[in-house]
Structures are given as structure tokens and as C-alpha cells.
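Me: I should like to become acquainted with a protein structure that is new to me. May I put some questions about it?

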Amino acid sequence: MTLSSQKTTLLDILEPIEVLDTKYLFPQFKFAHMGEKALFLPSKNKVLGFVSKSYKVVQNKDVFLPIYETLSEKYGESNINTTVHCFNDVKHYVSFEVLDRPLELVKGDLLNPTINVQNSYDGSMRFSLNLGIQRLICGNGLKAFESHISFQKKHTQGLEIPFELVFDS
């Protein structure tokens, strides 16, 4: 199976998904593991994957939106460069680069504070948040990210995102 990456906007990945009992979606089928849940994207009528009963969904709107809103309020919407990548509606990578607070260690070498966040809806990766710096390393626009503070959590436990850590740094 090949994952297709779609460069998209933040609004495109904020739609809530539903966690449904497999018996509800597929009443005519029997499943080997009772209690499995299906992750369902209503707008596309699409099953994103199957997860165990202990899986806890981390909705994109609960993670990405508060970061974007807080950064926009603090630095202005035009000073936040948001890059979003989505893979088959299940894996989401978002980078929030603050443009108006560059650090210049050497003349012309600008380092921008950046928050990189990833989340999945199919249990394939942990939720993670990385706070660091991003620098332009090539004239063609290629950038490198260096993480200084990171946080990750499985989707099987309650997720409390340390927003105070992010916004006080």
C-alpha cells in the first residue's frame, strides 16, 4: 500500500472523526476480536482504520487549532507560517513557524521558533509535539528543524497536552 501525501490547509484536517463499533458499521460480518472499533470520517463516508477498545482518539481540532489560535493571537496570523501534510486522511503533520521572532546567530542565518506536531487516526504513530528552531539551509527553500523540547503520547491513555510548556517557552 502506498500512502499519498496531500499538501493541504489546516481547516481540511479539523473535521472530527467518529469511533464506531464494528458491529454498527458492518452488521453482516463477524470479527475475530470483539470490541474492535472503526474510525470513521463521515464527510467522506470512509473507514480510516480499526483500533482496539483501549484506543483513545486525539481529535485534530483539539490539538492543532488551539496551537494555531494561540500563536496567531500572540504574534499575528500573518507572522505564522503553517505547513500541513496529510496522508490518506489518517496521518497529519503540521508545522507552525513563527516568522516575526527570528534569532540571528550569524549575519543572514535566521533561526525561526517552530512547533511541529503529528497525529494519526489509525494508531500507526503516537501523538507528538516538538518545539525547536527551523533554519533555511538552501536557496531553494529547503529548511532544517532542530527539536529542543519534545513530548509524545500513545493514544491509549488520557492525553493532556502541555500547552503551557509550549507557550511559555
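The exchange below concerns a predicted model.

Me: How many helices and strands does the protein chain have?

Reply: This is a predicted model, and its elements can be followed from one end of the chain to the other. From the N terminus the order is β-β-α-β-β-α-β-β-β-β-β-β-α. The chain thus holds 3 helices and 10 strands.

Me: What percentage of the residues in the protein chain is buried?

Reply: A residue counts as buried when its relative accessible area is under 20%. The protein chain has 169 residues, and the buried share of them is 36%.

Me: Which element gives the largest share of the largest nonpolar core?

Reply: The largest nonpolar core has 21 residues, and Leu10, Phe64, Leu71, Phe96, Ile115 and Val117 have the most contacts inside it. Two or more residues come from each of α2 (60–75), β5 (80–87), β6 (91–98), β8 (109–120) and β9 (127–136). The largest share, 6 residues, is that of α2.

Me: How many residues are in the second, separate core?

Reply: This core is separate from the one just described. Among its members are Leu39, Leu41, Val51 and Val90, and its size is 8 residues.

Me: Which residues is valine 117 in contact with, leaving aside its neighbours within four places in sequence?

Reply: Val117 is among the residues with the most contacts inside the largest nonpolar core. Contact here means heavy atoms within 4.5 Å. With the neighbours within four places left aside, the partners of valine 117 are Val63, Phe64, Ile67, His92, Tyr93, Val94, Phe96, Phe127, Ser128 and Leu129.

Me: What separates the C-alpha atoms of glutamine 152 and phenylalanine 127?

Reply: Glutamine 152 lies in strand β10, which covers residues 143–153. Not counting residues up to four places away in sequence, glutamine 152 touches Arg126, Phe127 and Ser128. Glutamine 152 and phenylalanine 127 are 25 residues apart along the chain, yet the separation of their C-alpha atoms is 5.5 Å.

Me: How many nonpolar, polar and charged residues are in the lining of the second largest pocket?

Reply: The second largest pocket holds about 160 Å³ of space. It is lined by 14 residues, of which Asp12, Ile13, Leu41, Lys44 and Asp89 are the closest to its centre. By class, the lining comprises 6 nonpolar, 4 polar and 4 charged residues.

Me: What percentage of the area that the protein chain exposes do carbon and sulfur atoms supply?

Reply: The protein chain exposes about 10100 Å². Of this area, the part supplied by carbon and sulfur atoms is 53%.

How values were computed. Residues are numbered from 1 along each chain as its sequence is written. This is a predicted model: local features need pLDDT of at least 70, side-chain atom pairs count only at pLDDT 80 or more; totals for chains, interfaces and linings use all residues. Side-chain values use heavy atoms; hydrogens and water are left out. A nonpolar core is a set of buried Ala, Val, Leu, Ile, Met, Phe, Trp, Tyr and Cys residues joined through side-chain atoms within 4.5 Å. Buried means under 20% relative accessible area, exposed over 50%, partly exposed in between (1.4 Å probe, protein chains only). Helices (H or I, at least four residues) and strands (E, at least two) are DSSP runs, numbered from the N terminus. On a 1 Å grid over the protein atoms alone, a cavity is a set of points where a 1.4 Å probe fits but cannot get out, and a pocket is an open set with protein on both sides within 12 Å along at least five of seven lines; lining residues have an atom within 4 Å of a point. Grid points are joined across faces, edges and corners, and a volume is the space filled by probe spheres set on the points. Ala, Val, Leu, Ile, Met, Phe, Trp, Tyr, Cys and Pro count as nonpolar, Asp, Glu, Lys and Arg as charged, and the others, Gly among them, as polar. Accessible areas come from the Shrake-Rupley method with a 1.4 Å probe; for residues, only the protein chains shown count as cover.
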